[in-house]
Amino acid sequence: MAAGRRPVLGTAAMLAPILVLFLAAYVLPLGGLVADSFQREGDFTFANHTALLESRAFRIILWRTLTLSFVVTLICLLIAYPLAYVLARLPSRWAAGLLLLVSVPYVTSILIRSYAWVVLLANNGVVNKLLLASGLVDEPLKLAFNETGTYIGMVHVQLPLMVFPLYAAMHRIDRSLLAAARNLGSTAASAFWHIFLPLSLPGVASGCTLVFLSCLGFYVTPALLGGPGQYMLAQGITVRVLTLADFAGAAAQATVLLLVVVLLFVALRRRFAAGLGIESTGRSGRTTAARGLRAWPAPLEAAIEVLSGPLRALGSMLSIVGGPVVAVLAVLALLFLIVPLLMVIPLAFSDSPYLTFPPPGYSLRWFKTFLANARWLDAAGFSLGAAGIGAVVSLIVGIPAAFAVVRRPMMGRLPLYLLLISPLIVPHVIVALAMYFSMARVQLIGTPLAFVIAYALIGAPYVFVLFVAGLLRFDRSLEMAAANLGATPVTVLRTVTLPLLLPTLAAALLFAFIIGFDDVVFGLFLAGTNATPLPIRMWDDIRLEISPQIAVVAVLLFAALALAYAAYLALGLLGDRRSRMPGGGPIA
């Protein structure tokens with residue numbers, strides 16, 4: 001803004017809405033959860049934690065969770081690396097189109113993705129039918145409802161989280177460095193080993209961190225595709241609450257998982273902040289960018305080295321066999337992401353009374369069944385309303401917070417930023433359990449308000465992160481020009497800033513809506529007779545019946561996503577036109 005002009009709102013006023021939401025729905029409930037884990041019959045005690053650590057079953061579940069998270073992270077890395085490598089070498093337009101394909105599974109309901117793998121991997125599923133027809137096996141392989149199904153489903157869900165940071169890191173690598181190495185006599189394998197791989201390691205580290213932390217608290221896919229008795233920690237917490245009514249034991253388990261996640265999050269705090277260019281100013285006035293990034297903690301350095309070992313072998317192999325093999329691996333990775341979702345679409349039009357693929361015939365019977373079922377329609381209406389209101393609240397609290405963090409000088413910028421993005425990292429099962437305990441005390445369980453609060457809480461970090469990124473890329477000279485021409489701060493905001501950020505706003509609203517509409521975990525803890533969201537209806541159907549009804553919901557959601565993406569492109573074109581106008585648009 002021009003010198004001497006006062007900002008529209010003070011920093012405190014801009015941060016107050018999101019801080020109130022986080023304090024009431026996140027910080028205090030989590031503090032209460034930790035406190036409850038040290039309570040038994042109203043007295044403070046370590047007995048809950050002692051019993052937990054002495055439990056062989058808990059140690060097995062904890063080890064299984066850590067092992068599965070590490071293995072899924074490694075598999076995702078080995079699949080995503082060739083795909084990101086190919087995408088980074090493509091022209092920007094082609095890369096953008098293929099990245100859109102990668103993002104489709106990410107924004108698709110996790111229940112639909114799990115349902116797709118049930119269709120593919122079940123004993124009478126597509127994969128076993130193909131294997132039996134080819135004569136490769138004499139009886140169906142056990143690919144679902146066991147550890148194999150869990151690994152496949154989780155890799156499919158987590159793979160986009162690995163691809164995006166890898167692509168971002170590889171896209172920034174200067175290709176002239178590789179050409180120079182080759183001109184100096186280096187082999188392709190040596191150039192990859194000494195130049196490309198080290199420069200891509202920040203993306204490797206970011207992707208592995210995101211996938212590993214996400215896997216630690218994963219619930220839906222292991223619950224649907226895993227076998228009985230093969231619980232992960234998130235499932236163990238849920239069973240203790242919803243089945244055994246062991247609230248103290250569940251609180252203790254959640255506290256242990258929270259401690260693991262928080263320790264990793266704190267150890268990587270500057271890496272999370274550096275990913276979006278957030279700087280922290282200390283007493284010396286120097287920023288983290290000026291000081292340079294700190295080294296990884298020693299245990300994480302060792303873990304990264306372990307993960308980079310397979311990549312060196314993979315890179316050496318790929319450099320020997322050449323580009324076509326890399327391209328084939330990239331295509332296979334894309335097919336792995338997209339094909340399971342495409343398999344669901346024909347099922348929505350099946351005329352069979354039960355789930356079978358391929359459908360024996362086609363009709364609209366399942367669409368008619370969905371539209372005639374009041375329970376499904378009520379659940380869909382409830383989810384649309386609660387997720388929509390929650391997304392709007394996320395915008396109201398998240399946008400001012402992003403402006404404050406990016407554009408206002410303040411102490412404690414880094415801790416504040418980390419607090420506001422932490423719901424992206426802390427497993428939802430922990431937050432849902434904490435909200436369950438706190439909302440039960442004020443009798444909000446089973447009410448629409450409980451879901452609006454929950455959806456606003458988990459949507460606000462997406463709005464905040466997207467707007468922080470958008471503001472960091474924003475050309476502020478347009479605002480300065482408008483201010484120098486006499487526009488007030490409110491007019492600049494209304495006619496220049498927000499119109500140019502319209503695509504970012506649309507993306508933030510879409511992500512905030514999807515994260516609430518797709519939620520299962522909060523629904524399990526907060527649902528009631530008059531507040532049952534659509535994902536809980538889908539959850540019950542997949543667990544108890546597995547009918548083509550879910551495929552109908554999938555087709556409707558795919559259509560809605562296509563319309564939302566078309567609207568996003570239209571807003572992007574509108575923003576481009578505005579940015580090309582003199583002064584960035586009309587000043588009223």
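Reading the predicted model from surface to core

Leucine 332 belongs to helix α16, which covers residues 323-348, and the model in which this helix is seen is a predicted one. With a relative accessible area of 49%, leucine 332 counts as partly exposed. Leu332 is also one of the residues that make a nonpolar surface patch of about 520 Å², together with Val325, Val328, Leu329, Val331, Leu335 and Val339. A general property of helices helps in reading such a list: an α-helix has 3.6 residues a turn, so residues three or four places apart point the same way.

From this patch one can step back to the protein as a whole, which contains 27 helices and two strands. Of its 588 residues, 51% are buried, while the area that the protein exposes comes to about 26400 Å², with carbon and sulfur atoms supplying 67% of it. Among the contacts with a separation of 6 or more, 77% are accounted for by residues 24 or more positions apart.

The interior can be entered through the largest nonpolar core, which has 181 residues, and among these Leu433 and Phe525 touch the most other members. Helix α18, residues 374-407, gives this core its largest share, 15 residues. Once residues up to four places away in sequence are set aside, phenylalanine 525 touches Thr238, Val241, Leu242, Val429, Ala432, Leu433, Tyr436 and Ile445.

Helix α11 (residues 233-242) offers another view of the interior, being mostly covered, with eight of its 10 residues buried. These buried residues are Leu233, Ala234, Gln235, Gly236, Ile237, Thr238, Arg240 and Val241. They pack against α2 (47-54), α3 (56-89), α10 (220-225), α12 (247-267), α20 (428-441) and α25 (521-526).

The cysteines come last. A disulfide is a covalent bond between the sulfur atoms of two cysteines, and the count of disulfides in this model comes to zero. Cysteine 76 shows why: the closest cysteine sulfur to its own, in cysteine 215, is 6.6 Å away, which is too far for a bond. Cysteine 208 is likewise in no disulfide, since the nearest cysteine sulfur, that of cysteine 76, lies 9.0 Å away, whereas a disulfide requires the two sulfur atoms to be within 2.5 Å. Both of these cysteines are buried, cysteine 76 with a relative accessible area of 0% and cysteine 208 with a relative accessible area of 8%.

Definitions and conventions: Residues numbered from 1 in each chain as written. Predicted model: local features only at pLDDT ≥ 70, side-chain atom pairs only at ≥ 80, totals over all residues. Heavy atoms only, no water. Patch = residues over 30% accessible without salt bridge, like charges linked within 9 Å, V, L, I, M, F, W, Y side chains within 5 Å. Areas by Shrake-Rupley, 256 points an atom, 1.4 Å probe, with all protein chains shown as cover. Salt bridge = Lys/Arg side-chain N within 4 Å of Asp/Glu carboxyl O. Helix = DSSP H or I, 4+ residues; strand = E, 2+ residues; numbered from the N terminus. Buried < 20%, exposed > 50% of the residue type's maximum accessible area, 1.4 Å probe, protein only. Core = buried A, V, L, I, M, F, W, Y, C linked by side-chain atoms within 4.5 Å. Contact = heavy atoms within 4.5 Å.
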